Amino acid sequence: MIKLTINGKTVEIEEGATIMEAAAKAGIKIPSLCHLKDVHTYGSCRICVVEVDGMKNLQASCIVRARDGMVVHTNSPKVRAARKVLYELLLSDHPKDCLSCNRNQNCELQELGYELGITETRLEGERSGCSVDISPSITRDTSKCILCRRCVTVCNEIQHVGAIQAQNRGFDTVISPAMGLPLNSTACAMCGQCTVVCPTGALQETDGLSRVWKALGDPGKRVVVQVAPAVRAALGEEFGLPCGTPVTGKMASALHELGFDDVFDTLFSADLTIIEEGTELLHRLFAVLTGGDAVLPMITSCSPGWIKHIEHQFPEELDHLSTCKSPHTMMGAVVKSFYADRLSMDPRDLYVVSVMPCTAKKYEIERGEMEVDGNRDVDAVLTTRELARMIKSAGIDFVNLPEGSFDAPLGLSTGAADIFGVTGGVMEAALRTVYELVTGRELPFEGLHVTPIVGLEQIKTASFVIEDTLP
């Protein structure tokens, strides 16, 4: 342990900790843009600079290690002046279109300006080049990029996809795929993790709101919406509720108020997925045990991001994937076949919207396999953030809405579908279903011995080798 003084407070912390970590322990917040706790430490923005007695220059607190006896000032006149100049330098190469930006009032750069007391932009100079790359899932606007490189770290070190890097040098530096290629022509999995960590609007989900509003305003369309299980635990955060607060009933009420004709739960088709995948696994096992030919092990196929990743990185293993569609595209197919038949409607007059936590679903619905006779299973995908923007723009008081419910019958589900939103849930539901189909009994929890693969990175360590002897 070492002791240092920060703003007159004595702080004791483990040796090797940074000045920023020591300050946080003392309850002192040091502003930052490029830093991402436990994920990304780069020191490029320099907003986190502090003054250290005995050192001539200001120090970046996110990367400089605290030392025993160090005396640190995080809010001195010199520090405040430096942060303002650094912020103004960032703004000098920024479009400043906050009012029309989707990240308005949810932008770290904007929030930092308020914290630093920036009331004018004194610096103007040459602007770096602006390019906009719109893929089915992710939109890149390089004019809003502040080169924090958070997205690079997440893509390369967390997801291990490596679709984007810092290209060129100096003022010409840009975060981009190699050779300036568009995202949709690279190995990008469209997972959207880069959009989650981007502090500005440089990376965001590709807009799906305009076509949904258009469909809702079309009297010739019956607009059906389905909601993924994870959304009900995340949506409340956009309205000031504690993170993880379940808002299932309020969400159903809001969707009805927005004008959707039918509000269904994707958990219904998650149950269909489990029946299909479980049955497919049984067929493959039976084929192998009776001397036939089948590919094992079988891998679930619910995630379009994972499927795109395996297509690029492990194409030789594609036969291990289940042949099942993802739950929301299954629901789209059911709505445009079974449900359309019950309503005696032309499937082309049904417009299906999916509200999903994953940007890869936007890419998925554009795939040719999801289209029959020019009619797609799902017509539009919205993220949780986009649904929140819809609710706010419609003037709906979400927090005080009464508890509503999903429409039957495509709003009903079992416990198997409920666990889709947790790590290993799809696999567990499939195995439990298979066990019960074969034995007629429920699988006890202690009888489940499996290891789920978490994230795209772990798939590189997974083995696709089947043992010679099956239990």
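**Figure 1. The enclosed space of the predicted model.** One cavity of 30 Å³ or more is counted in this structure, which is a predicted model. The largest cavity holds about 270 Å³ of space, and among the 30 residues that line it, those closest to its centre are Cys151, Ile164, Ile175, Cys194 and Leu203.

**Figure 2. Elements and residue classes around the largest cavity.** At least two residues of the lining of the largest cavity come from each of β7 (138-141), α4 (150-158) and α5 (193-197), and the largest share, four residues, is that of α4. Sorted by class, this lining consists of 21 nonpolar residues, five polar residues and four charged residues.

**Figure 3. The second largest pocket and the residues at its centre.** The second largest pocket contains about 1,000 Å³ of space. Its lining is made up of 40 residues, and of these Asn106, Glu205, Glu238, Thr384 and Arg385 lie nearest the centre of the pocket.

**Figure 4. Elements and residue classes around the second largest pocket.** The helices α3 (108-116), α5 and α12 (384-393), together with the strand β10 (203-205), each contribute at least two residues to the lining of the second largest pocket, with α12 giving the most, six residues. In terms of class, the lining of this pocket comprises 16 nonpolar, 14 polar and ten charged residues. Helix α5 is thus named for both spaces, since at least two of its residues belong to the lining of the largest cavity and at least two to the lining of the second largest pocket.

Note on methods:
Residues numbered from 1 in each chain as written. Predicted model: local features only at pLDDT ≥ 70, side-chain atom pairs only at ≥ 80, totals over all residues. Heavy atoms only, no water. 1 Å grid on protein atoms, 1.4 Å probe; cavity = no way out; pocket = protein on both sides within 12 Å on 5 of 7 lines; lining within 4 Å. Points joined across faces, edges and corners; volume = space filled by probe spheres on them. Nonpolar A, V, L, I, M, F, W, Y, C, P; charged D, E, K, R; others polar.
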